[in-house]
Amino acid sequence: MANIQYESFSKVNLQDTFFDSLRQDYQGFDNWYNRKASQGEKAYILYEKDELVCFLYLKEENPIDNTGITPPLDSTKAWIKVGTFKVVPHRTKLGERLIKRMFDFAISKNIFNLYLTAFSKHKALINLLEQYGFKQWGNKGDELVLIKNIATTSKEIQRDICLDFSSINTKNVSKYILGIYRSIIQECFQIQCLKLKILIYFKILQRLIVSTKFILQKYKELRISKKAIY
């Protein structure tokens with residue numbers, strides 16, 4: 001699986017046909033892009049067979065720029081703006097990988113609120129974002145405003161593995177450690193937010209726990225029986 005790179009705007013070919021749809025949706029896109037390139041901004045990108053297949057630009061806003069957003073977002077909090085998010089869909093779960101990058105970026109900044117704008121015609125994108133906890137907040141011009149608040153307390157946990165991602169409920173639950181060989185860890189956890197994979201590993205972990213408890217119980221019974229004999 002190819003690695004997503006964090007690359008400077010200036011090193012990505014703006015004339016790539018990948019950006020054509022963004023030019024159509026956003027007047028002045030090229031000027032915006034060139035301005036970001038001159039400022040040294042970076043984005044998450046991925047090439048497959050020399051073709052650009054994704055572009056994700058994230059920006060920290062503290063205070064938030066509420067210009068045009070109705071109703072305005074909470075200006076007392078820091079936010080991560082998802083400035084540009086485009087993926088060429090080809091059934092590789094690349095969109096989920098980029099959503100994980102959004103959350104990783106926000107958490108690394110100690111920021112737990114994200115937002116983006118999207119045209120309602122991009123239904124597949126909106127559905128994917130909502131699957132991982134984004135909610136429609138309002139509007140900015142002709143676009144929808146979607147927000148994600150990463151849970152930081154047990155009260156905010158919804159007990160849904162995707163909606164809660166990347167938060168984990170640690171209250172009133174058992175905790176276990178599972179050893180994994182270094183040689184396979186990248187393959188296992190490259191896409192941490194894939195619900196299917198997580199559920200599979202969780203089921204495996206449950207079986208290991210049950211097996212371990214059974215072995216320990218038998219060991220205790222064996223020790224007790226030996227003491228009785230002696």
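**View 1. What counts as a pocket here.** A pocket is an open set of grid points, over the protein atoms alone, with protein on both sides within 12 Å along at least five of seven lines. Keep in mind that this is a predicted model. With that in hand, the second largest pocket holds about 1,200 Å³ of space. Its lining is made up of 43 residues, and those closest to the centre are L22, T84, F85, K86 and L125.

**View 2. Who builds the walls of the second largest pocket.** Helices and strands both chip in: α1 (20-25), α2 (29-38), α3 (94-108) and α4 (123-131) each give two or more residues to the lining, and so do β3 (51-61), β5 (79-87) and β6 (113-118). Top contributor is β5, with 7 residues.

**View 3. The chemistry of that lining.** Sorted by class, the residues around the second largest pocket come out as 18 nonpolar, 15 charged and 10 polar.

**View 4. Stepping back to the fold.** The chain carries 8 strands and 6 helices. Read from the N terminus, the order goes β-α-α-β-β-β-β-α-β-α-β-β-α-α. Looking only at contacts with a separation of 6 or more, 64% join residues 24 or more positions apart.

**View 5. Inside versus outside.** How much of the chain counts as buried? The share is 36% of its 230 residues. As for the outside, the accessible surface adds up to about 15,100 Å², and carbon and sulfur atoms own 53% of that.

Terms used:
Residues numbered from 1 in each chain as written. Predicted model: local features only at pLDDT ≥ 70, side-chain atom pairs only at ≥ 80, totals over all residues. Heavy atoms only, no water. 1 Å grid on protein atoms, 1.4 Å probe; cavity = no way out; pocket = protein on both sides within 12 Å on 5 of 7 lines; lining within 4 Å. Points joined across faces, edges and corners; volume = space filled by probe spheres on them. Helix = DSSP H or I, 4+ residues; strand = E, 2+ residues; numbered from the N terminus. Nonpolar A, V, L, I, M, F, W, Y, C, P; charged D, E, K, R; others polar. Buried < 20%, exposed > 50% of the residue type's maximum accessible area, 1.4 Å probe, protein only. Contact = heavy atoms within 4.5 Å. Areas by Shrake-Rupley, 256 points an atom, 1.4 Å probe, with all protein chains shown as cover.
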